[in-house]
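Trainee: I should like to work through this structure step by step. May we begin once the sequence and coordinates are displayed?

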Amino acid sequence: MTKSLLALSLITASITMSATAMASEHIAVSGSTSVTEVMEVLGETYHQNHPDVFIDINGTGSSAGIKSSIEGVNDLGMASRNLSAKEKKSGLVETEIARDGIAVVVNPTNPVNNLTKQQIKQIFEGDIPQWSGVGGNSDPVVVTTRENGSGTRGAFEELIGLTTTINGMKVSTISQHAQVASGNGIEKTIVANNKDAIGFVSLGSIDKTLKAVAINGHKASVADVINNTYPLSRPFLVLNQPGKLKPAAKAFLAWIMSPAGQKIIKDKGYISMS
């Protein structure tokens, strides 16, 4: 190959690479670690069918995801709780992509199968320190919770009544002795490896390493969330700034709400919106 042909070949390759780079799209998605679990599957599936679109997903927690959406740091935010009144004032567009139950979980070897909401409240506040207080053995209860800013924790506290107001500020009443897990996966691991632990995780993430207890006699199941008999459920939200959603992110969100996207959500154990 002559020098001129080689130079022409390199220039052509460079132009082709530049055109490919220009054609690719990156969508930044951040927020709830609970939503992250299904969002990663959605993103991977979408990329397989749209190889020029790359979806960068970062599980930072609901509060962080909402803040990033308000500040315009991400393209799409994820939240697994309802927005506060203050957050709603930002004008963010909320798209509910699914609903999820929050399961109260124990180790599979734990004999306790049912708890009332009041018993759960007392356990997490430290007022029932031993499993014998709810029909179990005499071992001490090991309470595990999520970190501050977790959408799962925020929804759980709201639904169980684990907050109080001090000097005009809402604060958590979960025992200060509780072990704190920074993520849904870590919470699962703690409970799965400690026969006396109790925690709460997304219903869609339940597997054989955990046992979900019934609440007020109602099982932690998709069916009971749909018929509103299971008392702990919350939305999975995708957030964006109004009028600023770029075409690639808009198309991805539309696909999530399509039958194909909603089937993935349903197959992962969550409640679809269709």
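**Salt bridges, burial and helix packing**

Mentor: Arg153 and Glu157 form a salt bridge in which the closest N and O atoms are 2.8 Å apart. Please bear in mind throughout that the model is predicted.

Trainee: In which helix do Arg153 and Glu157 both lie, and how many residues apart are they?

Mentor: The two residues share one element, helix α6, which covers residues 151-160. Their spacing corresponds to about one turn of that helix. Arg153 and Glu157 thus lie in α6, separated by 4 residues.

Trainee: Is Arg153 buried or exposed, and what is its relative accessible area?

Mentor: A residue counts as buried under 20% relative accessible area. Arg153 falls below that cut-off and is therefore buried, and Glu157 is buried as well. The relative accessible area of Arg153 is 10%.

Trainee: Which residues does Arg153 touch, not counting residues up to four places away in sequence?

Mentor: Arg153, placed in helix α6, has contacts beyond its sequence neighbours. Among them are Arg146 and Glu147, whose side chains form a salt bridge with each other. The full list is Thr145, Arg146, Glu147, Asn148, Ser172, Ile174 and Phe200.

Trainee: What is the N to O distance in the salt bridge of Glu147 and Arg146, and what is the relative accessibility of Arg146?

Mentor: The side chains of Glu147 and Arg146 meet at 3.0 Å, N to O. Glu147 has a relative accessible area of 19%, which is under the 20% limit, so Glu147 counts as buried. Arg146 is also classed as buried, its relative accessibility being 1%.

Trainee: Which residue forms a salt bridge with Asp75, and how many residues apart are the two?

Mentor: The partner of Asp75 is Lys246, at 3.3 Å from N to O. The pair joins distant parts of the chain: Lys246 lies in the loop between β13 (233-240) and α9 (247-256), whereas Asp75 lies in the loop between α3 (62-71) and β3 (76-79). The partner is Lys246, and the separation is 171 residues.

Trainee: What accessibility class do Lys246 and Asp75 belong to?

Mentor: The class between buried and exposed runs from 20% to 50% relative accessible area. Lys246 has 27% relative accessibility, and Asp75 has 23%. Both values lie in that interval, so Lys246 and Asp75 are partly exposed.

Trainee: How many salt bridges does the structure hold?

Mentor: The pairs discussed above include Lys246 with Asp75 and Arg153 with Glu157. There is also a network of salt bridges that links Asp139, Lys195 and Asp196. For the structure, the count is 13.

Trainee: Let us turn to helix packing. How are α2 and α9 oriented to each other?

Mentor: Two packed helices are described by the angle between their axes and the distance between the axes. Helix α2 (residues 33-49) and α9 pack with axes 11 Å apart, at an angle of about 110°. Angles of 65 to 115 degrees count as roughly perpendicular. The orientation of α2 and α9 is therefore roughly perpendicular.

Trainee: How many nonpolar, polar and charged residues make the contact of α2 with α9?

Mentor: From α2, the residues are Met39, Leu42, Gly43, Thr45 and Tyr46; from α9, they are Ala251, Phe252, Trp255 and Ile256. By class, the contact divides into 7 nonpolar, 2 polar and no charged residues.

Trainee: How are α2 and α10 oriented to each other?

Mentor: The axes of α2 and helix α10 (residues 259-267) come within 10 Å and cross at roughly 140°. An angle over 145 degrees would count as roughly antiparallel, and 65 to 115 degrees as roughly perpendicular. The angle of roughly 140° fits neither class, so α2 and α10 are oblique.

Trainee: Which residues of α2 and α10 make this contact?

Mentor: By class, the contact of α2 with α10 has 5 nonpolar, 2 polar and no charged residues. On the α10 side are Gly261, Ile264 and Ile265. On the α2 side are Val38, Val41, Leu42 and Thr45.

Trainee: Finally, what share of the residues in the protein chain is buried?

Mentor: The protein chain has 10 helices and 13 strands. An individual residue may nevertheless be exposed, as Lys208 is with a relative accessible area of 80%. Of the 274 residues in the chain, the buried share is 43%.

Conventions. Residues are numbered from 1 along each chain as its sequence is written. This is a predicted model: local features need pLDDT of at least 70, side-chain atom pairs count only at pLDDT 80 or more; totals for chains, interfaces and linings use all residues. Side-chain values use heavy atoms; hydrogens and water are left out. A salt bridge is a side-chain nitrogen of Lys or Arg within 4 Å of a carboxyl oxygen of Asp or Glu. Buried means under 20% relative accessible area, exposed over 50%, partly exposed in between (1.4 Å probe, protein chains only). Contact means heavy atoms within 4.5 Å. Axes are lines fitted to C-alpha atoms, for helices over the stretch in contact, and angles run from 0 to 180 degrees between N-to-C directions. Angles under 35 degrees count as roughly parallel, over 145 as roughly antiparallel, 65 to 115 as roughly perpendicular and the rest as oblique. Ala, Val, Leu, Ile, Met, Phe, Trp, Tyr, Cys and Pro count as nonpolar, Asp, Glu, Lys and Arg as charged, and the others, Gly among them, as polar.
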